[in-house]
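Trainee: I'd like to learn how to read a fold from its coordinates. Can we walk through one together?

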Amino acid sequence: MDDKPLLVLLNSCHSAAQTGKLVDTVPFAIGMSDTIGDVDAITYAARFYAAVADGQSVQAAHLLSRVAIEMNGLLDRDLLTLTCAEDVDPSAAKLVTPPPE
C-alpha cells in the first residue's frame, strides 16, 4: 500500500467501540454498535462501496447505505456508526473522484 488508508470499515458485530481509537490513525472508521444480521451488514457494505465509487462523500455514502438497509425491510440500520477524526468533515470528504464525462 503506497498511502495509508483513509477509512476502515469494521463489518463485524460490536465493533463500534474500536472506531474511536482508529480515528487517531485514519480519518474515518465505521463499526457496528451491536449484533448485526449478515444480510444487513452485506447490504450496508455493498451500497457503501458503490456510493463511494460513484463519488459520494463519506457521510452521503454512510447515510445512503443505512437507507438501503431500511428500504430492504431490514432492521439494523441504526447499528452502523460513522466516527471521524476531529479535523475532517465527512460531508465534504470524497474518497473517489469519478472521471469527467
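Mentor: Let's begin with burial. Buried means under 20% relative accessible area, exposed means over 50%, and partly exposed is what lies in between. Keep in mind that this is a predicted model. Take histidine 14: its relative accessibility is 44%, so it counts as partly exposed.

Trainee: Where does histidine 14 lie, and what is its phi?

Mentor: Histidine 14 sits in the loop between S1 and helix H1 (16–22). Its phi is positive, about 55°, although it is not a glycine. There is a positive phi at a glycine too: glycine 55, just after H2, takes a value of about 90°.

Trainee: Let's step back to the whole chain. How many helices and strands does the protein have, and in what order do the elements run?

Mentor: You'll find three helices and three strands. Starting at the N terminus, the order is β-α-β-α-α-β. For overall compactness, set the radius of gyration beside what the globule rule gives: here it is 13 Å, close to the 13 Å expected for 101 residues, so the protein is as compact as a globular protein of that length. Along the principal axes, the C-alpha atoms fill a box of roughly 35 × 35 × 25 Å.

Trainee: And what share of the residues counts as buried?

Mentor: Of the 101 residues, 38% are buried. The accessible surface comes to about 6000 Å², and carbon and sulfur atoms hold 54% of it. Contacts along the chain are worth a look as well: among those with a separation of 6 or more, 53% join residues 24 or more positions apart.

Trainee: Now the core. Which residues have the most contacts inside the largest nonpolar core?

Mentor: That core has 18 residues, and Ile30, Tyr44 and Phe48 have the most contacts inside it. The elements that give it two or more residues are strands S1 (7–9), S2 (28–32) and S3 (80–84), along with helices H2 (38–53) and H3 (58–71). H2 gives the most, with five residues.

Trainee: What does isoleucine 30 touch?

Mentor: Setting aside residues up to four places away in sequence, isoleucine 30 touches Leu7, Val8, Leu9, Leu10, Thr19, Tyr44, Phe48, Thr81 and Leu82.

Trainee: How should I read a helix like H2?

Mentor: Try its length, then its buried face. H2 has 16 residues and spans 22 Å from its first C-alpha to its last, close to the 22 Å expected at 1.5 Å a residue. Next, the general idea: an α-helix has 3.6 residues a turn, so residues three or four places apart point the same way. The buried residues in H2 are Asp40, Ala41, Thr43, Tyr44, Ala45, Phe48, Ala51 and Val52. Their cover includes S1, S2, H3 and S3.

Trainee: And arginine 47, is that one buried or partly exposed?

Mentor: Arginine 47, which is also in H2, counts as partly exposed because its relative accessibility is 29%. Beyond its neighbours within four places in sequence, arginine 47 contacts Leu64, Ser65 and Ala68. Between arginine 47 and alanine 68 there are 7.0 Å, C-alpha to C-alpha, although they are 21 residues apart in sequence.

Trainee: Over in helix H3 there is histidine 62. Why does it count as buried?

Mentor: Histidine 62 has a relative accessibility of 5%, and buried means under 20%, so it counts as buried. Apart from neighbours within four places in sequence, histidine 62 is in contact with Tyr44, Phe48, Leu80, Thr81 and Leu82. Tyr44 and Phe48 are also among the residues with the most contacts inside the core.

Trainee: What about the segment after S3, where leucine 95 is placed? What does leucine 95 touch?

Mentor: With residues up to four places away left out, leucine 95 touches Leu6, Leu7, Val52 and Val58. Its C-alpha is separated by 7.8 Å from that of leucine 6, which is 89 residues away along the chain. Leucine 95 is partly exposed, with a relative accessible area of 28%.

Trainee: Last one: how many disulfides does a search find?

Mentor: Zero, over the whole structure. As for cysteines, cysteine 13 is partly exposed at 35% relative accessibility, and cysteine 84 is partly exposed with a relative accessible area of 24%.

Conventions
Residues are numbered from 1 along each chain as its sequence is written. This is a predicted model: local features need pLDDT of at least 70, side-chain atom pairs count only at pLDDT 80 or more; totals for chains, interfaces and linings use all residues. Side-chain values use heavy atoms; hydrogens and water are left out. A nonpolar core is a set of buried Ala, Val, Leu, Ile, Met, Phe, Trp, Tyr and Cys residues joined through side-chain atoms within 4.5 Å. Buried means under 20% relative accessible area, exposed over 50%, partly exposed in between (1.4 Å probe, protein chains only). Helices (H or I, at least four residues) and strands (E, at least two) are DSSP runs, numbered from the N terminus. Contact means heavy atoms within 4.5 Å. The expected span of a helix is 1.5 Å times one less than its number of residues. The radius of gyration is taken over C-alpha atoms; the globule rule is 2.2 Å times the number of residues to the power 0.38. Accessible areas come from the Shrake-Rupley method with a 1.4 Å probe; for residues, only the protein chains shown count as cover. A disulfide is a pair of cysteine sulfur atoms within 2.5 Å.
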